[in-house]
Amino acid sequence: DPPARGAAAQDPEPDPEQVARTIALRQLSAAPRSRAQLADAMARKDVPEAVAEAVLDRFTEVGLVDDAAYAEML
């Protein structure tokens, strides 16, 4: 059970979608990444697969994730 007082009592569980976005943006800010690399990073942080897929789909849609461009770069 969470404590009745203090920061732990006030902090809600993190939103999985926000966690997934944060992971992807941090990974991408360091270097280009493939969709699979981002999915692996999210899985390591226990992001539900459906949430990871939705976030990666959106990032692909807006051009932040592009496996073809990543492959060309390599």
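UniProt positions are given here in the numbering of this chain, and such annotations may be inferred rather than shown by experiment. With that in mind, the unreviewed UniProt entry places a "domain: RecX first three-helical" over residues 20–58. What you are looking at is a predicted model. Over residues 20–58 the chain is 79% helix and 0% strand, and the C-alpha atoms at the two ends are 11 Å apart.

**Two helices and their contact**

Let's look at H3 and H4. Their axes come within 10 Å and cross at roughly 145°, and the crossing is right-handed. On the H3 side, the contact is made by Arg35, Leu38, Ala39 and Met42, while H4 brings in Ala52, Glu53, Val55, Leu56, Asp57 and Thr60. Sorted by class, that gives six nonpolar, one polar and three charged residues.

**The loop in between**

Helix H3 covers 35–44 and helix H4 covers 49–61, with Pro48 in the loop between them. Pro48 is partly exposed, at 37% relative accessible area. Pro48 also sits 7.2 Å from Pro16, C-alpha to C-alpha, although 32 residues separate the two in sequence. Asp46 is in this loop as well. Asp46 has a positive phi of about 65° even though it is not a glycine. With a relative accessible area of 67%, Asp46 counts as exposed, because the cut-off for that is over 50%.

**Salt bridges**

Side chains of opposite charge can pair when their charged atoms come close. How many salt bridges does the structure hold? There are four of them, and the table lists some.

| Pair | Closest N to O distance |
|---|---|
| Arg35 and Glu53 | 3.0 Å |
| Asp57 and Arg35 | 2.6 Å |
| Arg58 and Glu61 | 2.6 Å |

Take Arg35 with Glu53: this pair links distant parts of the chain, with Arg35 in helix H3, Glu53 in helix H4 and their positions 18 residues apart. Asp57 and Arg35 do a similar job, linking helix H4 to helix H3 across 22 residues. Arg58 and Glu61, on the other hand, both lie in helix H4, three residues apart, which is about one turn of the helix. Through shared partners, salt bridges join Arg35, Glu53 and Asp57 into one network.

Is Arg35 buried or exposed? Arg35 is buried, since its relative accessible area is 19% and the cut-off is under 20%. Its partners Glu53, at 34%, and Asp57, at 43%, are partly exposed. In the other pair, Arg58 is partly exposed at 45%, whereas Glu61 is exposed at 61%.

Notes. Residues are numbered from 1 along each chain as its sequence is written. This is a predicted model: local features need pLDDT of at least 70, side-chain atom pairs count only at pLDDT 80 or more; totals for chains, interfaces and linings use all residues. Side-chain values use heavy atoms; hydrogens and water are left out. Helices (H or I, at least four residues) and strands (E, at least two) are DSSP runs, numbered from the N terminus. Buried means under 20% relative accessible area, exposed over 50%, partly exposed in between (1.4 Å probe, protein chains only). Axes are lines fitted to C-alpha atoms, for helices over the stretch in contact, and angles run from 0 to 180 degrees between N-to-C directions. A crossing is left-handed if the near helix is turned anticlockwise from the far one by less than a right angle, and right-handed if clockwise. Contact means heavy atoms within 4.5 Å. Ala, Val, Leu, Ile, Met, Phe, Trp, Tyr, Cys and Pro count as nonpolar, Asp, Glu, Lys and Arg as charged, and the others, Gly among them, as polar. A salt bridge is a side-chain nitrogen of Lys or Arg within 4 Å of a carboxyl oxygen of Asp or Glu.
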